[in-house]
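Me: I am new to this structure and would like to go through it by question and answer. Could you take each point slowly and end on the value or name I ask for?

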Amino acid sequence: MSEHDRTRWDATYTDRPVLCSAPGPPRAFTGHVNEFPTAGSALDIACGSGENSVWLAQRGLRVWGIDVSPVAIEQARQLAARHGVGQRCRFDVADLDDGLPDGPQADVVLCHRFRDPRLYEALRARLAPDGLLAVCVLSEVGAEPGRFRAVAGELRAQFGDLRVIAGHEGGGEAWILARVPG
């Protein structure tokens, strides 16, 4: 990622209000909270200021959140500490243009509101046996096409070989919740 992009994301997170309430699940997955385990490990891709990571840690998971913005990563660390799950969370700055950082498989791989089709195979490879994949991206379905938007059917085409629990496309968003077949 260019230094310009990193600076832009740092500015975005600097200007966002600090979350005070307890984080909840990502909106796309609120109807499927029981599919998320309450033990094990999670990898939160492009974690931003940590809301999803903290929610997963509050469920009982050990979470590794990665993001390109050092500002967001510091906010994520503070949020985890404020909600008493700092010991369950690790946050690192990572440029995903370089691929996923090396690390172990995870029981949950969450990628919310970040899309890079070059990482799809790496996301799948990071799933532990019976692991849960939760991906939500901007979509061209119900919105204008764009560089950061998935085309119709993209997530099913990429992850349909997993056991799909649920998915949806519409209103400019696409998401899929799937598990490694057992």
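Me: Leaving aside residues up to four places away in sequence, which residues does A39 touch?

Reply: This is a predicted model, and in it A39 is found in the loop between α1 and β1. A contact here means heavy atoms within 4.5 Å. With residues up to four places away in sequence left out, the residues that A39 touches are G60, L61 and D107.

Me: How far apart in space, C-alpha to C-alpha, are A39 and R59?

Reply: A39 belongs to the loop between α1 and β1, while R59 is one of the buried residues of α2. The two are 20 residues apart in sequence, and their C-alpha to C-alpha distance is 7.4 Å.

Me: Is α2 mostly covered or mostly open, and how many of its residues are buried?

Reply: Buried means a relative accessible area under 20%, and the residues of α2 that count as buried are N52, S53, V54, W55, L56, A57 and R59. The helix is therefore described as mostly covered, under that cut-off for burial. Of its 9 residues, the number buried is 7.

Me: Which elements do the buried residues of α2 pack against, and what phi does G60 take just after the helix?

Reply: The buried residues of α2 pack against two kinds of element, with β1, β2 (62-67), β3 (89-93) and β4 (106-112) as the strands and α3 (70-82) as the helix. Just after α2 comes G60, a residue that A39 also touches, and its phi is positive, at about 115°.

Me: What kind of aromatic pair do F36 and W55 form?

Reply: The structure holds 4 aromatic pairs, and one of them joins F36 and W55, with 5.1 Å from centre to centre and 75° between the planes. Planes over 60 degrees apart count as edge-to-face, so the F36 and W55 pair is edge-to-face.

Me: Why does the pair of F36 and W55 tie together separate parts, and how many residues apart in sequence are they?

Reply: F36 lies in the loop between α1 (3-15) and β1 (41-45), whereas W55 lies in helix α2 (residues 51-59). Both partners are covered, since F36 is buried at a relative accessible area of 2% and W55 counts as buried at 7%. Because the two rings sit in separate elements, the pair ties together parts whose separation in sequence is 19 residues.

Me: How many residues apart are Y120 and F159, whose rings also pair?

Reply: The ring centres of Y120 and F159 are 5.1 Å apart and their planes stand at 65°, so this pair is edge-to-face. Y120 is in helix α4 (residues 120-125) and F159 is in helix α5 (residues 154-159), and both residues are buried. The pair links distant parts of the chain, with a separation of 39 residues.

Me: Which residues form one aromatic cluster?

Reply: F36 and W55 have already appeared as an edge-to-face pair, and they also belong to a cluster. Its members are F29, F36, W55 and W175.

Me: What radius of gyration does the protein have, and why does it agree with a compact globule?

Reply: The protein's secondary structure comes to 5 helices and 7 strands, and its C-alpha atoms fill a box of roughly 35 × 35 × 30 Å along the principal axes. For 182 residues, a compact globule would have a radius of gyration near 16 Å, so there is agreement with the protein's own value, 15 Å.

Conventions: Residues numbered from 1 in each chain as written. Predicted model: local features only at pLDDT ≥ 70, side-chain atom pairs only at ≥ 80, totals over all residues. Heavy atoms only, no water. Helix = DSSP H or I, 4+ residues; strand = E, 2+ residues; numbered from the N terminus. Rg over C-alpha atoms; globule rule 2.2 N^0.38 Å. Phe/Tyr/Trp six-rings, centres within 6.5 Å; stacked < 30°, edge-to-face > 60°. Buried < 20%, exposed > 50% of the residue type's maximum accessible area, 1.4 Å probe, protein only.
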